Amino acid sequence: MSNSARTAAVDYAAVEQEVRRELAPITDSQQAMTRAVEILKTRVPDYTWVGIYQLFGNELVLGPFRGKPSPHTHIPLGRGICGAAAAEKATIIVDDVNNDPRYLACSVETRSEIVVPIMRGCDVLGEIDIDSDRAAAFTAEDQRMLEVVAGLLSEKI
Ligand code: SME
């Protein structure tokens, strides 16, 4: 199986709109995170694993996720790609996780990863973490859409 070809065209604007519409009436943070994870996992075929970590103190704690259970349910700030994105307060895209020494493995099939911080002002509330079984699966379009979703989530958690 090729892992270079995109599996299907994604309408990023439609995904963003769906998340915006679905989250609007939700006031419970767990429900909001769960719904966002479900929409992202369902609508984007390349998103093999989708989860949200919340930052409590200096530790990222895994909340709602879709995909195989991860061994990394608690990640200290600064560890892994997740910890790096939270420490740097910036989105990180890794095209080939096998070439990134920071990577904490979740599944042997994972090839690429994007981590998008959920910010409120200068504070990190958490982050959206997505793995793909396809190398270099994440583009500027994914980053832009996911940063909008992170902004929507920051109002709910
Ligand atoms: N790969 C992440 C760990 C989380 S799992 O992918 C779900 C990292 O390197 O921080």
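These are my notebook entries on the fold and the ligand site of this predicted model.

**Ground rules.** The model is predicted, so I took local features only at pLDDT of at least 70 and side-chain atom pairs only at pLDDT 80 or more, while totals for chains, interfaces and linings use all residues. Residues are numbered from 1 along each chain as its sequence is written, and side-chain values use heavy atoms, without hydrogens and water.

**Fold.** I counted four helices and six strands in the protein chain. Helices are DSSP runs of H or I with at least four residues, strands are runs of E with at least two, and both are numbered from the N terminus. From that end I read the order α-α-β-β-β-α-β-β-β-α.

**Dimensions.** The C-alpha trace spans about 40 × 35 × 25 Å along its principal axes.

**Ligand shell.** I looked up the residues near the ligand (a heavy atom within 4 Å of it). There are 13, and Ile81, Cys82, Leu104, Glu113 and Asp131 come nearest. I sorted the shell into eight nonpolar, two polar and three charged residues. Here Ala, Val, Leu, Ile, Met, Phe, Trp, Tyr, Cys and Pro count as nonpolar, Asp, Glu, Lys and Arg as charged, and the others, Gly among them, as polar.

**Polar contacts.** I then checked pairs of N or O atoms within 3.5 Å. A backbone N or O atom of Ile81 lies 2.9 Å from a ligand oxygen. A polar backbone atom of Leu104 is 2.8 Å from an oxygen of the ligand. Glu113 uses a side-chain N or O atom, 2.9 Å from a ligand nitrogen.

**Cover.** Alone, the ligand has 310 Å² of accessible area (Shrake-Rupley, 1.4 Å probe). The protein covers 100% of that area.

**Elements.** β1 (49-56), α3 (80-88) and β6 (123-132) each give two or more residues to the shell. α3 gives the most, with three residues.

Technical notes:
A polar contact is a pair of N or O atoms within 3.5 Å; within protein, one must be able to donate a hydrogen and the other to accept it, and residues adjacent in sequence count only if both atoms are side-chain atoms.
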